[in-house]
Amino acid sequence: MRAMRRLPVRPRTIQGSLLALIGFALVPVVVFGAYELVGEYREQREVEVGASADLARSLATAAEAFVLDLARAEYAAAVALAASAHTPAEIERELAMVSADLPGVRDLSWLDPRARVVASTEPQLVGKSLYARDYFQEISAGAVWRVSALVRSLVDGRPTFIVARGFRRSSGELVGVMTAAVDADAFGAILGRRSGSGATSICDSAGTVIAMSPPRPLDWAARRRPSEHRWVQRALAGQEALGVFRSPFTGERRIGAIVPVPSLGWAAQASRPFDDAMAPVRRAAVVNATVLLATALGALAGALLVARGISRPLSALETEAQRLARGGEPVLPVRGPMEVRRVARALQSMASGLAARRTELEAVNSRLARSEERFRLLAENAQDLVYRYRLLPTPGFEYVSPAATRIVGYTPEEHYANPALGMEYVHPDDRERLARVLAGAVDPAAPLALRCVRKDGTPIWLEQRSTVVRDGDGRVVAVEGIARDVTRVRSLQDERETLMQTVSHDLRTPLHVLVGHAQILMRKGDAEVRRRAEAILASAGRMTRLIGDLVDAARLEAGHVALRLEPMDLVAFLAGWKERMAGAFALERVRLEVRDPVPAVLADPARLDQIVGNLVSNALKYSLPDSEVQVTLSATPKTLRLSVADRGPGIAPEELSRLFERYYRTKSAAQAEGLGLGLFITRKLVEAHGWRIEVESEAGKGSVFTVVVPVTTGARASRSSAAA
Ligand code: ADP
């Protein structure tokens with residue numbers, strides 16, 4: 001069979017498949033959950049940033065309003081002061097009154113156009129020049145009002161910023177500048193308090209923190225830290241910065257907004273720690289993930305349970321099947337799902353079927369064993385040598401019965417050890433005949449007589465009968481047979497033949513003398529004497545034939561028949577035979593007929609004379625004196641048939657089978673002269689040629705004796721029989 005190329009596919013287990021299925025089902029759930037979460041996160045972030053931005057913007061507005069309100073109040077006070085001339089003490093009183101209404105203002109001062117403090121609610125400042133201050137420079141240069149960066153208070157060093165407002169005549173000439181120092185911490189009150197962990201702050205144009213909520217103690221270095229921050233710088237440059245940034249103080253991630261306070265050049269900030277802002281989303285994520293995980297674990301556990309519910313009974317089934325395969329007994333059905341139970345039931349019935357078959361097989365086997373045992377017993381105790389000789393794949397004895405030791409002197413073991421032994425103890429002249437049998441070339445129906453030499457050198461005769469064993473293709477794979485020691489029979493036959501020869505010789509000698517004298521009387525005597533001499537000659541002739549038959553039968557019985565085979569044309573032979581026998585038979589009753597062209601056959605002419613003679617003489621003898629005897633020669637592609645038919649009384653069916661036995665005569669033939677040897681001798685001669693003889697007979701109609709000569713194998717068979 002052609003080997004199929006296949007990609008190596010790893011078989012999947014039920015558990016594996018279920019897990020894969022769950023995996024596939026979970027993927028969209030996880031993806032959707034993650035998508036949702038990202039959406040929530042974005043939304044939360046936007047909401048948070050938006051709220052912070054709104055707050056920062058309103059802070060910016062509040063800071064602007066504070067400063068502008070202050071500037072407006074300063075202007076009102078300046079207008080009041082400018083309305084008439086006042087003494088410094090009067091001014092101070094006026095300033096004190098105004099400042100009391102202004103929240104967060106530490107001190108209020110009135111500067112002359114050269115920046116000298118004319119009057120102040122803070123006595124320490126009076127007389128000081130603030131000319132170098134930026135705000136004064138800018139107002140003097142034309143600005144209406146200005147707010148300073150955060151500075152240390154000249155009085156006590158506390159963080160302060162100044163809101164300055166110039167006052168001019170309608171001509172534009174600067175009359176004076178009103179300044180209000182605002183306490184940064186007090187200003188921080190406008191930031192209010194944001195809920196939760198939210199924080200707000202405001203820084204000045206340099207990025208220094210003015211105030212923050214919730215308030216925290218800051219030294220100056222800390223206050224200046226936001227100035228480095230990119231987002232603060234961006235807001236100071238006039239742009240809003242929204243989103244997540246790092247706190248310049250703690251470094252933590254915050255979410256919120258830093259927006260410009262445009263009119264002041266400051267920045268306002270509102271934010272919350274990122275983690276706090278995102279906590280709800282995170283909580284939702286944790287809850288979602290937990291639910292998902294729990295679902296996945298549940299599904300997994302369920303899948304494992306289901307898979308186990310299937311795979312366990314399956315593996316139990318597998319174990320059972322293996323147990324069955326090893327010859328175990330069928331078992332109770334496995335528990336499990338419907339399908340598995342069905343498989344189990346099928347397995348169960350298969351198992352019962354198998355068990356039944358096994359029982360049958362065991363019964364057959366034990367019968368076989370018993371019959372083998374019987375055969376073995378028979379073979380082991382047989383007087384004859386029983387053997388089986390294997391030819392294929394390698395030649396050798398497969399079985400030799402113990403009788404071998406007694407018969408040929410070699411033990412069965414010696415036979416097993418030497419495959420050629422059976423050939424070696426056969427006489428060299430007989431080996432070829434044995435080889436033909438062993439090669440399966442001949443399937444001998446007739447026993448094969450072989451001369452052999454025992455291990456101790458004694459010559460013996462073995463008579464072998466064998467059959468060949470063929471395989472499915474018709475090849476001969478073994479020969480089985482029985483070899484019998486026929487040495488004793490042979491020697492008896494030899495003795496009998498010697499006796500026969502002697503007797504026939506002793507009988508024939510006086511017969512010759514008798515015939516010789518009778519012939520003289522025939523020539524010399526008178527009519528009466530000749531008639532009597534003729535009777536003597538006829539009896540002597542019959543006697544000679546009887547003696548001849550007896551000798552022949554004895555020889556043929558012993559298998560001592562030598563054929564002188566030659567190719568013969570049977571048509572010519574029959575014509576010649578009729579001529580030669582003219583005096584011996586009433587040949588005018590015999591009719592010859594050749595139906596088909598016949599090929600030449602190998603035969604012994606003298607023996608063929610005898611065969612035809614016997615059949616024709618019987619036909620003449622056992623039919624009415626004037627009836628016809630027909631000798632017919634016909635041929636088919638495979639056989640040649642020589643038949644002798646008479647119109648005699650025929651032979652009873654029950655006697656037909658015994659006709660060719662030695663000394664057998666039918667009841668009706670009892671009157672006729674004969675010994676019952678003619679047909680026996682005829683059969684032996686026919687068989688010696690490798691031919692066969694058949695008889696058909698119908699009571700009252702006559703008998704037909706036919707010699708059947710195989711055309712193709714005739715010559716070979718004749719030769720092999722020649723030596724028998
Ligand atoms: P026999 O010497 O008695 O003729 P055979 O061996 O030739 O011996 O024949 C055996 C017996 O077969 C005969 O005795 C006879 O009974 C019977 N037989 C032989 N040939 C014929 C025949 N042509 N018709 C009837 N019976 C026959």
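This short talk covers some salt bridges and one serine in the structure above.

Good morning. A reminder before we start: this is a predicted model. Let's go to the charged pairs.

How many salt bridges does the structure hold? The count is 37. I will show you three pairs and one network.

Pair one. Glutamate 252 bridges to arginine 254. Their closest N and O atoms sit 2.5 Å apart. Now look at the surroundings of each partner. Is arginine 254 buried or exposed? Arginine 254 is buried, because its relative accessibility is 10% and the cut-off for buried is under 20%. Glutamate 252 is partly exposed, at 32%.

Pair two. Find glutamate 414 and lysine 455. Their side chains form a salt bridge, 2.7 Å from N to O. Where do the two partners lie? Glutamate 414 belongs to helix α10, residues 412–417. Lysine 455 is in the loop between β14 (448–453) and β15 (459–470). So this pair ties together parts that are 41 residues apart in sequence. As for accessibility, glutamate 414 is partly exposed, with 26% relative accessible area. Lysine 455 is partly exposed too, at 46%.

Pair three. This one stays inside a single helix, α18, which spans residues 678–688. The partners are arginine 683 and glutamate 687. Their closest N and O atoms are 3.4 Å apart. In sequence they are four residues apart, about one turn of the helix. Arginine 683 is partly exposed, with a relative accessible area of 23%. Glutamate 687 is partly exposed as well, with 38%.

Now the network. Which residues does it link? Salt bridges connect Arg106, Asp156, Arg158 and Asp183. Pick those four out on the screen.

Last stop: serine 627. Find the loop between α16 (605–621) and β20 (629–635); serine 627 is there. Is serine 627 buried or exposed? Serine 627 counts as buried, because its relative accessibility is 13% and buried means under 20%.

What does the serine 627 side chain reach? One partner is the backbone oxygen of leucine 624, at 2.8 Å. Another is the side chain of serine 623, through a polar contact of 3.4 Å. Then set aside the neighbours within four places in sequence. Serine 627 is still in contact with Arg589 and Arg647.

To recap. The model is predicted, and it holds 37 salt bridges. One of them joins α10 to the loop between β14 and β15. Another sits within α18. And serine 627, in its loop, is buried.

How values were computed: Residues numbered from 1 in each chain as written. Predicted model: local features only at pLDDT ≥ 70, side-chain atom pairs only at ≥ 80, totals over all residues. Heavy atoms only, no water. Salt bridge = Lys/Arg side-chain N within 4 Å of Asp/Glu carboxyl O. Buried < 20%, exposed > 50% of the residue type's maximum accessible area, 1.4 Å probe, protein only. Helix = DSSP H or I, 4+ residues; strand = E, 2+ residues; numbered from the N terminus. Polar contact = N/O pair within 3.5 Å; in protein donor to acceptor, adjacent residues only side chain to side chain. Contact = heavy atoms within 4.5 Å.
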